[in-house]
Amino acid sequence: MFHTIATPESISILWRGDSAIERGVASADDLGDHWWISRVLVQPETCRGRGVGGKLIEQLKVAVAKQGGTRLVVAPGGYVGTSKERKRQRQFYEQHDFV
């Protein structure tokens, strides 16, 4: 189940899975001339690779557009450590039209 929380300055899309531990979030903040994706996270790791993160991103893009946002920026990083994880993260964003 997905749920949107929006203010003029920020948007979060929340996901609750079938069990009590399955959770996800995608958030963006309005920085004036563009919106910045501050996080995308799906937990536990066993829930990753099932399309949940992609749905979160796509719903976030729609919500930002509804707020009048025309530019959404992401700089992959966060807690990703290995080169394999960084590559996977970059591919995720590329699949959703971020370059």
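A: Before we start: a contact here means heavy atoms within 4.5 Å. Keep in mind, too, that this is a predicted model.

Q: Let's try that on one residue, then. Which residues does His34 touch, leaving out those up to four places away in sequence?
A: With those neighbours set aside, His34 touches Asp29, Arg71 and Val73. His34 itself is found in the loop between β3 and β4.

Q: Is His34 buried or exposed?
A: The general idea is a cut-off: buried means under 20% relative accessible area. His34 comes in at 16%, so it is buried. Its side chain also makes a polar contact with the side chain of Asp33, at 2.8 Å.

Q: Zooming out, what order do the elements of the protein chain run in?
A: Reading from the N terminus on, you get β-β-β-β-α-β-α. That comes to 2 helices and 5 strands. The radius of gyration is 13 Å, close to the 13 Å that the globule rule gives for 99 residues, so the chain is as compact as a globular protein of that length. Along the principal axes, the C-alpha atoms fill a box of roughly 35 × 30 × 20 Å.

Q: What percentage of contacts between residues at least 6 apart in sequence join residues at least 24 apart?
A: For the protein chain, that's 47%. As for burial, 30% of the 99 residues count as buried. On the outside, the chain exposes about 6,700 Å², with carbon and sulfur atoms supplying 52% of that area.

Q: How do I read a helix such as α1, and what span does it reach?
A: Compare its end-to-end reach with what 1.5 Å a residue would give. Helix α1 covers residues 52–66, and its 15 residues reach 21 Å from first C-alpha to last, close to the expected 21 Å. After α1 comes Gly68, with a positive phi near 95°.

Q: Which residues of α1 are buried?
A: Val52, Gly53, Gly54, Leu56, Ile57, Leu60, Ala63 and Val64. Their cover includes β1, β2, β3, β4, β5 and α2.

Q: And how many residues are in the largest nonpolar core?
A: There are 19, and those with the most contacts inside it are Ile11, Ile37, Leu56, Leu60, Val64, Leu72 and Phe98. β2, β3, β4 and α1 each supply at least two of the core's residues. The largest share, 6 residues, comes from α1.

Q: What does Leu56 touch, not counting residues up to four places away in sequence?
A: Leu56 touches Phe2, Ile13, Leu14, Trp15, Gly24, Val25, Ala26, Leu41 and Val42.

Notes
Residues are numbered from 1 along each chain as its sequence is written. This is a predicted model: local features need pLDDT of at least 70, side-chain atom pairs count only at pLDDT 80 or more; totals for chains, interfaces and linings use all residues. Side-chain values use heavy atoms; hydrogens and water are left out. Helices (H or I, at least four residues) and strands (E, at least two) are DSSP runs, numbered from the N terminus. The expected span of a helix is 1.5 Å times one less than its number of residues. Buried means under 20% relative accessible area, exposed over 50%, partly exposed in between (1.4 Å probe, protein chains only). A polar contact is a pair of N or O atoms within 3.5 Å; within protein, one must be able to donate a hydrogen and the other to accept it, and residues adjacent in sequence count only if both atoms are side-chain atoms. The radius of gyration is taken over C-alpha atoms; the globule rule is 2.2 Å times the number of residues to the power 0.38. Accessible areas come from the Shrake-Rupley method with a 1.4 Å probe; for residues, only the protein chains shown count as cover. A nonpolar core is a set of buried Ala, Val, Leu, Ile, Met, Phe, Trp, Tyr and Cys residues joined through side-chain atoms within 4.5 Å.
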